[in-house]
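Me: I'm new to this one and I'd like a close look at a single part of it. Could you walk me through the metal site and then show me what surrounds it in the rest of the chain?

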Amino acid sequence: MQVTFLGATNTVTGSKFLVNFGDKKILVDCGLFQGLKEYRMRNWVKFPIDPKKIDAVVLTHAHIDHSGYLPLLVKSGFSGKIYCSHATKDLCAILLPDSGYLQEEEAKFANKHGYTKHRPALPLYTREDAEQSLLQFRPLELKKSYKIGDDIHMSLIPAGHILGATFIQFKYRDKTLLFSGDLGRPNDPIMHAPAIIQAADYLVLESTYGNRLHNHNVNPLDELAEIINRTVSRGGTVIIPAFAVGRAQHLLYLIYELKRTNRIPNIPIYLDSPLAKDATQIFRQYHDLHRLNPELSQKVCEIATYVNTKEESKALDLELFPKVIISASGMLEGGRVLHHIRVFAPDAKNTVVFAGYQASGTRGADMIQGKREIKAFGETIAINADVHVLSNMSAHADYEEILEWLSHFNHHPKKIFITHGEPDAAQSLKQKIEERFDWTCHVPDYLQTEMLS
Ligand SMILES: [Zn+2]
C-alpha cells in the first residue's frame, strides 16, 4: 500500500490523495486548489498521473476544495465510479454545476473587460462538464463495509463538519488506513460530533486549526447580536460572506435564535445564493444527520428571504434600510457576494462579517488581515466598513479538539500524515501530537509518495 499526496500539502485546499493498493489506484478526494496563485495554477497543469489509470474516487465531503476538481478529472478521461455518502452526492449535484457556471462567468467577464493575460480566458471546466461527472457518482451507506477490490474494504464514517462529511477507512489485508477529511467539532450546535475512532495503522489527518484554539468563551450569538445591533443603529447593512453549505445554515440558525429571543430588531435577512437555498433544502431532507429536528429546521429556514435572480440580487444593493445579506462565496473568491462588497464595503456605516476559515491569498484573508482595499472585477474596492471575524463558528476542530479526538485511539497509528493546513498549522500540530502522545508524524510535501507497509 502506498499514498501520494497530490494536494492539501502546506495548504488547506486541493485535497487529493492517491492510494495504491497493489495495482489498484483509488483517489481520495478530488478538490480544487484555491487562494494563492502558486496553488491555483496547479488546477491548470496536467494531472500528475493519467486519470484513465485511476480505478475509483472516494470523497470525504462536498466542499469544493475536496470535490471541485472532479469535472476536470472526468473530462481528462477518468471513467470510474465516484463513491461518497448520499448527502455528499446530493450536495455535489448542486455545488459542482455551480462551480462550472462560476468559472464560465468569470472567463466571460474577464474577456468582456479585457483584464485577462490569456486570450481568450477559458473556464477550467463548464457547467456541462460538471453535470457529466455527476453520472459517475455511486452513493454508499454510512458505517457499512464495502468491498471495492481484492482485499480492499472501505467504510464511510461520520466526521461531523458538514452534512454528509465522513472519514474514509480502508482495510487492506491486515492494515487499516484512515483519512480524516475535515474533522468536525464535538460541540457543534448543528452537526453531530465526529465518530470516535479507536484504531488505525496509518492516519491522514487535517490540520486547518493545528496551531489555533477557537475562543470557547465567546458565544457567537452574543457576538453576532452586538455586531448586528451596532450596524443597524447607524443605519448600516451587514454582509456575511458564507459557504453555501454549512456556514449559511449555521448563520440562519443563529439569526433565528436572535430574532426568536428579540435580541436584534426585526430587519430583513436575505439569503442571496440560489445554491445556499438548495443546500438548505438538502439540509432539511437529511434531518437525521444533524441536530435540528424537522420542525426547527423549517423555522430556521423560514427566517430568511431567498433571493433567486441576479436582478433581485442587484436590487438589494439599492435598498437603503438596514438588513443582513448572507451570500456566497465564503472567501470572496467569486459569486454574488462580491457585488455586495463592491457596493457596501466602501461605506463606514456597514459591516462585513466573516464566519469561516479564510485561506491565504483569498480576498477574505486580505480583509481580515486589515487590508483597506481589495481588487475585484478589474477594479479597486475601498474597504471602509467594519470588518469582523466571528470567533467560535468554525466547522473544523481546533488543536485541542483534534488531540481529544486522537486520545480515543487505543491502537495508535504507526504514522500520522498531517495535511490540509498552512505550514505553521501543520508543523505545530505535528509537534503537539509528538509531545502529547509520542506518535510519529510527518508533514508530506506536494507529490511525495509514502510506502505504508
Ligand atoms: Zn470542508
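Reply: Here is a walk through the metal site, followed by the overall picture and two other spots.

Keep in mind that this is a predicted model. Let's start with the zinc ion. Which protein residues hold the zinc ion? Its donors are His61 through NE2, His63 through ND1, His161 through NE2 and Asp182 through OD, and they lie 2.2 to 2.3 Å from the metal. If you read along the chain, those donors follow the spacing H-x1-H-x97-H-x20-D. Two of them, His61 and His161, link distant parts of the chain, as they are 100 residues apart. You'll find His61 in the loop between strand S4 (56-58) and helix H2 (64-67), while His161 sits in the loop between strand S8 (152-158) and strand S9 (166-172). Both of these histidines are buried.

What about the geometry? The angles among the four donor atoms run from 91 to 167 degrees, and the site is classed as irregular. For four donors to count as tetrahedral, all angles must lie between 85 and 135 degrees, so the upper end of this range, 167 degrees, rules that label out. For reference, the ideal angle for four tetrahedral donors is 109.5 degrees.

Now zoom out. The protein has 14 helices and 22 strands. Its radius of gyration is 21 Å, which agrees with the value near 22 Å that a compact globule of 453 residues would have. Along the principal axes, the C-alpha atoms fill a box of roughly 65 × 50 × 40 Å. Buried residues make up 58% of the 453. Among contacts with a separation of 6 or more, 74% are between residues 24 or more positions apart. As for the outside, about 18,400 Å² is exposed, and carbon and sulfur atoms supply 49% of that.

For a helix to look at, try H11, residues 337-344, where Val337, Leu338, His340, Ile341 and Phe344 are buried. These five cover an arc of only 160 degrees around the axis, so they fall on the same side of H11.

Finally, step back to the loop between strand S15 (324-327) and H11, and you'll meet Glu333. Is Glu333 buried or exposed? It lands in between: with a relative accessible area of 27%, Glu333 counts as partly exposed. Leaving aside residues up to four places away in sequence, Glu333 touches Gly35, Glu106, Thr362 and Arg363. The C-alpha atoms of Glu333 and Ala376 are separated by 9.1 Å, with their positions 43 residues apart along the chain.

Technical notes:
Residues numbered from 1 in each chain as written. Predicted model: local features only at pLDDT ≥ 70, side-chain atom pairs only at ≥ 80, totals over all residues. Heavy atoms only, no water. Donors = N, O, S within 2.8 Å, 3.2 Å for Na, K, Ca; no water. Tetrahedral: all angles 85-135°; square planar, octahedral: opposite > 155°, others 65-115°. Helix = DSSP H or I, 4+ residues; strand = E, 2+ residues; numbered from the N terminus. Buried < 20%, exposed > 50% of the residue type's maximum accessible area, 1.4 Å probe, protein only. Arc of directions from axis to C-beta. Rg over C-alpha atoms; globule rule 2.2 N^0.38 Å. Contact = heavy atoms within 4.5 Å. Areas by Shrake-Rupley, 256 points an atom, 1.4 Å probe, with all protein chains shown as cover.
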